[in-house]
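Colleague: Got a minute to walk me through this one? I'd like to start with the strands, then move to the domains.
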Amino acid sequence: MIVSQEPFDRLCDEIEDTGLAAFDTEFVSESYYQPKLCLVQLATPLGAYLVDPLTVPDLSRWWDLMIDDHTTIIVHGGREEIRFCQRYAGEMPRRLIDVQVAEGLLSRGYPLAYKNIVNKVMGVAVGSHETRSDWERRPLAPKQLEYAVEDVKFLPEIWNRQSQTLDKLERLDWAFAEFERLIENIRLEKDREGWRKLPGVLRFSAREQAVARALHEWRDRVAEEQDRPPRVMFRDDMLVDLVKRMPKSVQDMNLTRGMQRRDYQSYAEEIIRVIQDAATSAPSEWPQSFMNRANPPLDDVLAKLLSLALANRCAEMNLSMSLVGTMADIDELVRWHVFDKQQGELPKLMSGWRADVCGDLLTDLLDGHVSLRVSNPRSDAPLRFDRRS
Ligand SMILES: [Zn+2]
């Protein structure tokens, strides 16, 4: 375990020379406003290393490597690693490979757990994490260290093998496009307004949305001040309940079940003020509703049919359907093709490599150019879609 600056910088030199590093982190997210980085695992083809971010004063050499143009970073299910990079480097990684995504383009099990990928690609059995390991404790237990090293040790070789297979199948471009999409989705997370993710928010009136936004911003600010996770500081369902009731006084508010908690009571006056300010603000200040477009209800049968066609196609190509598209993506495609008269931005299922996989099939189906039969009931891909002549 690397616990001081100088050996850490030497490791970064080694990574810079190699131009490649596998990267994993362990962190604690239950107790803080933002996840606390508790362990950094790095591997090059020469070896695997543990770095203690609680004792190495400055990790900036590593964050710089993560965003340069020369260093390839390999992760498994690396959303949190990308978020750490965004937070500490102030930028997104430039050459990132996620072996979980890559595996989704080679088999049908996306997202596969790390130990399953190691087993599948390398034929090696590794243990799985204890789910509730405390990574903040020191010293870390020998078992924790052992697992932590295993988390990165195999990544360079896994990617080495995956990339050869992807190349053979002419899917290497698909993989790089998906790595970019993963990073882009995380970039968008930051801009997406958090209050829009509150449960039931879609059914709120415009005034209720204004209150929801104000309460959500209030909670986020106080949670950051106290360095606590927002949802732990004040539960989502309580917040939604307050939106629905819009209490005008503390007395009023205390009729809400659960509000009597002492820590909640200390915010009572403030909460009432936040609610009332938002509820009485001018309608022009209220959030732009995101349900303003009258969406005709999508025919359930059509969505099921397309989903079936997509599942069959993914089976034919040995691809993970969960990576290719969701029901929401199918919905988007139907709306675009049938209701929007094919105007505006291309749906996800008709863009990039997805267009090669399924674009034509789905629109041909919608246009009635394809007929469907069962060709081999024993096969994983039992259906045949024939173009009608
Ligand atoms: Zn890990």
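Modeller: Sure. Strand β2, residues 36–44, is a good place to begin. 7 of its 9 residues are buried, so β2 is largely enclosed by the rest of the structure. Keep in mind that this is a predicted model.

Colleague: What counts as buried here?
Modeller: A residue is buried if 20 or more other C-beta atoms lie within 10 Å of its own.

Colleague: OK. How many bridges join β1 to β2, and do they run parallel or antiparallel?
Modeller: There are 7 bridges between β2 and strand β1, residues 20–28. The two strands run antiparallel.

Colleague: Which residue in β2 does E26 stand opposite?
Modeller: E26 faces L39 across that pairing.

Colleague: And how does β2 pair with β3?
Modeller: Antiparallel again, over 5 bridges. Strand β3 covers residues 47–51. A43 stands opposite A48 in β3.

Colleague: How many residues sit between β2 and β3?
Modeller: There are 2 residues between them, and the two strands form a hairpin.

Colleague: Switching topic. How is the chain divided into domains?
Modeller: Domain 1 spans 5–191, domain 2 spans 195–285 and domain 3 spans 300–387.

Colleague: What separates the centres of domain 1 and domain 2?
Modeller: The distance is 37 Å, taken over C-alpha atoms.

Colleague: How many residues are in contact there?
Modeller: On the domain 1 side, 4 residues are in contact with 5 residues of domain 2.

Colleague: What classes are on the domain 1 side?
Modeller: The side touching domain 2 has 2 nonpolar residues, 1 polar and 1 charged.

Notes: Residues are numbered from 1 along each chain as its sequence is written. This is a predicted model: local features need pLDDT of at least 70, side-chain atom pairs count only at pLDDT 80 or more; totals for chains, interfaces and linings use all residues. A residue is buried if 20 or more other C-beta atoms lie within 10 Å of its own, exposed if 12 or fewer, and partly exposed in between; C-beta atoms are placed from the backbone. Helices (H or I, at least four residues) and strands (E, at least two) are DSSP runs, numbered from the N terminus. Two strands pair if DSSP finds at least two bridges between them. Domain bounds come from an automatic or database domain assignment. Two residues are in contact if their C-beta atoms, placed from the backbone, lie within 7 Å. Ala, Val, Leu, Ile, Met, Phe, Trp, Tyr, Cys and Pro count as nonpolar, Asp, Glu, Lys and Arg as charged, and the others, Gly among them, as polar.
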